[in-house]
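Hi everyone, thanks for making time for this one. I'd like to walk you through a structure and stop at a few spots along the way. Please have it open in front of you.

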Amino acid sequence: MRPTRLEEFTGQEKILSPGKPLRQWIEADRVPSLILWGPPGCGKTTLAQLIANHTQSEFEALSAVLSGVKEIKETVARAKESRRMAQRKTLLFVDEIHRFNKTQQDALLPHVEDGTVTLIGATTENPSFEISSALLSRVRVIRLEPLSQQAIASTLQRALLDPMKGLGDFFKLSEEAMGWLAQFSEGDARRALTALESIALIIGQNSGQNSDQKKPTQTEVRDSSPSLTLEQVKDALESTGGKQPLPYDSSGEEHYNTISAFIKSIRDSDPHAGLYYLARMLTCGEDPLFIARRLVILASEDVGNADPRGLTVALNAKEAVEFVGMPEARISLAQAVTYLALAPKSNASYHGIEKALAEVQQSGALPIPMHLRNYGQGYQYAHSNLNARVQQTHLPDSIVGKRFYHPKEIGLEKQLKSKLDELNPSFEPFKKR
């Protein structure tokens with residue numbers, strides 16, 4: 001069911017609709033080297049083939065998983081021969097280009113630069129992280145989005161009706177079943193069509209068709225083809241093991257997207273979303289210690305002294321993960337997630353250390369006041385004074401009076417702010433010299 005014309009390619013209108021740069025490059029036969037970046041099943045390979053067909057280019061394909069420098073050199077040699085003999089350009093499609101190492105990527109550079117090949121690389125990973133800067137500077141990056149449910153449904157409907165490449169009205173899907181299958185596919189057309197094929201196999205087996213039977217006419221098929229309900233579709237997929245694993249990579253784009261959503265949800269005090277992304281990571285096999293470490297960081301960075309118990313809760317969850325292990329430790333992680341999500345938030349400690357670090361970078365190792373040095377003269381011991389309070393400076397002379405910690409009016413920090421405001425006036429005479 002792979003589209004053979006641009007008009008059949010659906011779901012990426014943001015980059016391919018009339019007037020968009022990519023569409024203009026294709027129509028003018030002036031396509032530059034590209035990196036197509038997007039999730040699985042969004043049409044990267046199909047788009048590369050359509051570009052080759054539309055621009056009348058020779059199409060060469062390499063898999064970065066299976067190919068090396070040797071295969072690159074052989075492909076380049078064929079491209080040079082094609083340009084010399086037939087004046088035809090070569091479009092080199094490299095699937096999963098992020099899996100090429102630096103040497104392999106460097107092998108492509110001179111041939112991309114001199115126009116021997118027009119490179120179209122496909123990747124599910126962020127090119128900024130995975131593609132060398134030298135190669136990245138010679139290509140345009142095109143971002144493809146997961147296909148919408150409407151685009152998936154359109155693809156499924158085309159497959160259901162097409163008598164040559166598809167199922168030729170072998171069966172129909174109810175509106176509810178179509179909507180669910182489009183959602184189940186999570187923006188991946190390949191996954192949607194695989195599921196449809198699985199359903200067709202089950203329907204065919206249940207209908208008792210075999211090669212000895214007379215093949216029905218198209219009209220007979222259309223009139224007798226069943227319309228499957230949502231429950232029938234679910235039953236068919238379950239019987240073929242149709243539940244697909246969630247897209248996730250412990251070091252890839254989906255990993256970073258999920259942990260980012262997890263942290264931001266807790267920071268925004270949404271325990272429901274925090275639990276959801278925790279469940280997604282655990283379901284996909286994320287290391288629970290990695291999750292626990294991020295919660296410990298969040299407890300200091302985003303909760304801080306607004307609720308100091310948050311750090312204790314996060315550290316206890318980390319201890320539980322190490323001591324109890326999975327799957328029971330999921331409960332301790334969930335406890336930490338919900339506590340931290342509902343805790344008052346302050347990043348004052350985080351900003352305080354960032355300001356202090358910036359000051360050290362700017363002013364260097366300023367002289368420490370004499371009375372604070374080891375065996376220094378003139379130091380006043382706080383506990384020898386009433387209320388353990390003394391009037392003496394502690395910062396280097398040139399930055400006396402600078403403040404790095406600014407508590408917020410929230411949670412325990414509201415009390416800390418009042419205390420700090422109470423202490424600050426006693427140091428006013430020492431702010432400037």
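Let me start with a question: is I353 buried, partly exposed or exposed? Have a look while I set the scene, and bear in mind that this is a predicted model.

The protein has 433 residues, and 40% of them are buried. By secondary structure, we have 19 helices and seven strands. The accessible surface amounts to about 24,500 Å², and carbon and sulfur atoms account for 53% of that. As for contacts, take the ones between residues at least 6 apart in sequence: 75% of these join residues at least 24 apart.

Now back to I353. With a relative accessible area of 44%, I353 is partly exposed, because the partly exposed class runs between 20% and 50%. You'll find I353 in helix 18, which covers residues 348-363. Together with Y350 and L357, I353 makes a nonpolar surface patch of about 270 Å².

Let's move to a charged part of the surface. Here E175, E176, E231, D235 and E238 gather in a patch of negative charge. Which elements give two or more residues to that patch? They are helix 9, residues 175-184, and helix 12, residues 230-239. Helix 12 provides the largest share, with three residues. One of the patch members, E238, sits in helix 12. E238 has a relative accessible area of 64%, so it counts as exposed, the threshold for that class being over 50%.

Next stop, helix 16, which spans residues 309-323 and includes A320. Is A320 buried or exposed? Its relative accessible area is 13%, so A320 is buried; the limit for that label is under 20%. And what does A320 touch, if we leave out residues up to four places away in sequence? The answer is G325, A329 and S332. There is also a pair to look at here: A320 and L289 are 31 residues apart along the chain, and their C-alpha atoms are separated by 9.9 Å.

Follow the chain on from helix 16 and you come to the loop that leads to helix 17, residues 329-342; P327 is in that loop. Please zoom in on the peptide bond between M326 and P327, which is cis, with omega at about 10°.

While we're on backbone geometry, I have two residues with positive phi to show you, neither of them a glycine. One is E96, where phi is near 55°. E96 belongs to the loop between strand 3, residues 90-95, and helix 5, residues 102-113. Its relative accessibility is 27%, so E96 counts as partly exposed.

The other is S269, with phi at about 65°. S269 is in the loop that connects helix 13, residues 253-267, with helix 14, residues 271-283. S269 also counts as partly exposed, because its relative accessibility is 36%.

To recap the stops for your own browsing: the nonpolar patch of Y350, I353 and L357, the negative patch with residues from helix 9 and helix 12, buried A320, the cis bond joining M326 and P327, and the positive phi values of E96 and S269. That's my tour, and I'm happy to go back to any of these on screen. Thanks for listening!

Notes:
Residues numbered from 1 in each chain as written. Predicted model: local features only at pLDDT ≥ 70, side-chain atom pairs only at ≥ 80, totals over all residues. Heavy atoms only, no water. Helix = DSSP H or I, 4+ residues; strand = E, 2+ residues; numbered from the N terminus. Buried < 20%, exposed > 50% of the residue type's maximum accessible area, 1.4 Å probe, protein only. Contact = heavy atoms within 4.5 Å. Patch = residues over 30% accessible without salt bridge, like charges linked within 9 Å, V, L, I, M, F, W, Y side chains within 5 Å. Areas by Shrake-Rupley, 256 points an atom, 1.4 Å probe, with all protein chains shown as cover. Salt bridge = Lys/Arg side-chain N within 4 Å of Asp/Glu carboxyl O. Lys, Arg positive; Asp, Glu negative; His and termini not counted. Charge placed at Lys NZ, Arg CZ, Asp CG, Glu CD.
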